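Q: Please take a close look at one charged side chain and the aromatic ring beside it, and then set that part in its wider surroundings. I would like careful wording, with the cut-offs behind each term.

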Amino acid sequence: MRAPLVIDSAARLTETARGHVVAGGSHCGVYAAYLAAKAGVRAVIFNDAGVGRDRAGIAGLGYLGDLGIPAATVDCRTARIGDGPDCLARGVISFVNGLAAGLGCRPGQSAAEAARLLTRAPERTIDPPAEIEARHRIDGPWNGQMNVWALDSVSLVQPSDAGAIVVTGSHGGLLGGDPTSALKVDALAALYSDATGGIDGAGFSRLPALDARGIPAATVDAMRARIGDGRSTYEDGVLTCVNEAAARLGARTGMAARRFVELVVEKSLGSTS
């Protein structure tokens, strides 16, 4: 019996994950589930991110079930989001799909026990659908002067996004506590889901790391905007936590995500006019 493959983010899965049971720090939204299916995992345990609006934090359970992949989530109040080892060490199962239930997985079980049971799952034979479109330009009066992107996952940030505003559906937790994982480029500003905060306030931990780089950043309420959906972050998001760089621009908790973007644009273009 192979030990579970432990990862901090579904974005770090490669073909070497094929046939493994994965214990990961990602939320269990559809895009994270897609990445797991694409990598050919045998089964997966992710974080429920507090479930959130439209149950987006666990929407991947059904997506994976339809592909024949058993899946479960741990309660975000028991293990840090973005931290695979913590998922396996402290996580308590909160939700399971039908295939995982058929293998004996159930809410209240330890993640370690669930991972052991999931090793009995057969390797799947169904490939996921074609790649999900998850990167969208947000239009506004800034067109031609600045780029604003809605990204379902922060893993979709590209080198060309340096100097852009990135509005992500990703959780606001550092991966494995590593400050360098906060953002791959020096964006003008960044938004994340708070994943309802979770244990140790993990859902907010990218913000101070970005402060150290002078990047204004904030999280939005996962109960108001769907985690894993960058456009929902922009359209529905309400700020729950802002870092010092964002506060200096005038950002505050309770502000609409749309207004945060406008504020960053106004301050940036005003300083260059």
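A: In this predicted model, the charged end of Arg-135 sits over the ring of Trp-149, 4.1 Å from its centre (the criterion being NZ of Lys or CZ of Arg within 6 Å of the ring centre and within 35 degrees of the ring normal). Residues are numbered from 1 along each chain as its sequence is written, and side-chain values use heavy atoms, with hydrogens and water left out. Local features need pLDDT of at least 70 and side-chain atom pairs count only at pLDDT 80 or more, whereas totals for chains, interfaces and linings use all residues.

Turning to ring against ring, a search of the whole structure finds one aromatic pair (rings of Phe, Tyr and Trp, the last by its six-membered ring, with centres within 6.5 Å; planes under 30 degrees apart are stacked, over 60 edge-to-face, and the rest tilted). That pair is Tyr-31 with Tyr-34, in a tilted arrangement with 5.9 Å from centre to centre and 40 degrees between the planes. The two tyrosines are three residues apart in helix α1, residues 30-38, so about one helical turn separates them (helices, H or I of at least four residues, and strands, E of at least two, are DSSP runs numbered from the N terminus). Tyr-31 is buried at 8% relative accessible area, and Tyr-34 is likewise buried at 3% (buried is under 20%, exposed over 50%, partly exposed in between, with a 1.4 Å probe and protein chains only).

Another charged side chain, Asp-83, lies in the loop between β4 (71-74) and α3 (84-90), where Asp-83 is buried with a relative accessible area of 11%. The side chains of Asp-83 and Arg-80 are joined by a polar contact of 2.9 Å (N or O atoms within 3.5 Å; within protein, one must be able to donate a hydrogen and the other to accept it, and residues adjacent in sequence count only if both atoms are side-chain atoms). Leaving aside residues up to four places away in sequence, Asp-83 touches Asp-8, Gly-25 and Gly-176 (heavy atoms within 4.5 Å).

By contrast with these buried residues, Lys-267, found in helix α9 (residues 257-272), is partly exposed, with a relative accessible area of 44%. Although the C-alpha atoms of Lys-267 and Ala-3 belong to residues 264 apart along the chain, the separation between these atoms is 51 Å in space.
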